[in-house]
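This report walks through the strands, a helix face, the nonpolar core and a few backbone angles of one structure. Please keep the sequence and the 3D view at hand while reading.

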Amino acid sequence: MDESKIIRKCAACNAKKSRNELIKITADKNKEVRIMPDSSFFGHSVYLCKDAECIQKAFKKGRLYKILKIKPDETLEEKIMTVLEN
Ligand SMILES: [Zn+2]
């Protein structure tokens with residue numbers, strides 16, 4: 001499958017982009033959270049632009065936690081930010 005043809009929406013700014021331009025964050029049924037998981041990890045997923053503003057916006061008022069149905073984790077924002085550095 002051609003990843004560039006899969007369109008997903010950023011949870012912060014609602015921009016529609018191809019999946020390889022977005023950061024995928026997935027929480028499985030055990031509430032384990034992975035950033036950019038491989039295709040064998042299934043769960044509830046959120047997509048964000050590879051943009052610090054969108055990441056920060058997603059964490060405002062705990063929005064991202066609500067979407068993923070997970071408990072607040074202060075380290076998660078930092079972990080997502082490291083994706084931008086790579
Ligand atoms: Zn965005």
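Is N14 buried or exposed? The model is a predicted one, and in it N14 is exposed, because only 8 other C-beta atoms lie within 10 Å, where a count of 12 or fewer is the cut-off for that class. The residue sits in the loop between β1 (7–9) and β2 (16–18), and although N14 is not a glycine, its phi is positive, at about 65°.

**The sheet**

Three strands make up an open sheet in the order β4-β3-β5, with antiparallel pairing. Because β4 and β5 each have a single partner strand and stand at the edges, one side of each has no neighbour in the sheet. From one strand to the next, the twist averages 20°. Helix α3 (residues 74–85) packs on this sheet, where it touches β3 and β4, and its direction makes about 20° with that of β4.

The pairing can be followed residue by residue. Strand β3 (residues 22–27) is joined to β5 (residues 44–49) by six bridges in the antiparallel sense, and to β4 (residues 33–35), also antiparallel, by three bridges. The table lists residues of β3 with the residues that face them.

| Residue in β3 | Residue opposite | Strand of the opposite residue |
|---|---|---|
| I23 | L48 | β5 |
| I25 | I35 | β4 |
| T26 | R34 | β4 |

**The turn and the loop beside β4**

Between β3 and β4, which form a hairpin, there are five residues. One residue of this turn, K31, has a positive phi of about 70°, and K31 is a residue other than glycine. K31 is partly exposed, with 13 other C-beta atoms within 10 Å.

M36, in turn, lies in the loop between β4 and β5. M36 is likewise partly exposed, since 13 other C-beta atoms lie within 10 Å. Leaving aside residues up to four places away in sequence, M36 touches I23, K24 and V83. M36 and K69 are 33 residues apart in sequence, and their C-alpha atoms are 18 Å apart in space.

**The two sides of helix α1**

Which residues of α1 are buried? In this helix (residues 52–59), they are C54, I55 and A58. Seen down the axis of α1, these buried residues fall within an arc of 100°, so they line one face of the helix. An α-helix has 3.6 residues a turn, so residues three or four places apart point the same way. On the other side of α1, A52 and E53 are exposed. The buried residues of the helix pack against β5, α2 (63–68) and α3, and just after α1, K61 takes a positive phi of about 55°.

**The nonpolar core**

The largest nonpolar core has 19 residues, of which C10, A11 and L48 touch the most other members. Two or more residues of this core come from each of β3, β5, α1, α2 and α3. In soluble globular proteins, nonpolar side chains tend to be buried together.

What does L48 touch, when residues up to four places away in sequence are not counted? Its contacts include C10, A11 and A12, along with L22, I23 and I25. L48 also touches C54, I55 and A58, the residues named above as buried in α1. One of these contacts, I23, is also the residue that stands opposite L48 in the pairing with β5.

Methods: Residues are numbered from 1 along each chain as its sequence is written. This is a predicted model: local features need pLDDT of at least 70, side-chain atom pairs count only at pLDDT 80 or more; totals for chains, interfaces and linings use all residues. Two strands pair if DSSP finds at least two bridges between them. Helices (H or I, at least four residues) and strands (E, at least two) are DSSP runs, numbered from the N terminus. Axes are lines fitted to C-alpha atoms, for helices over the stretch in contact, and angles run from 0 to 180 degrees between N-to-C directions. Two residues are in contact if their C-beta atoms, placed from the backbone, lie within 7 Å. A residue is buried if 20 or more other C-beta atoms lie within 10 Å of its own, exposed if 12 or fewer, and partly exposed in between; C-beta atoms are placed from the backbone. The arc is that of the directions from the helix axis to the C-beta atoms. A nonpolar core is a set of buried Ala, Val, Leu, Ile, Met, Phe, Trp, Tyr and Cys residues joined through C-beta atoms within 7 Å.
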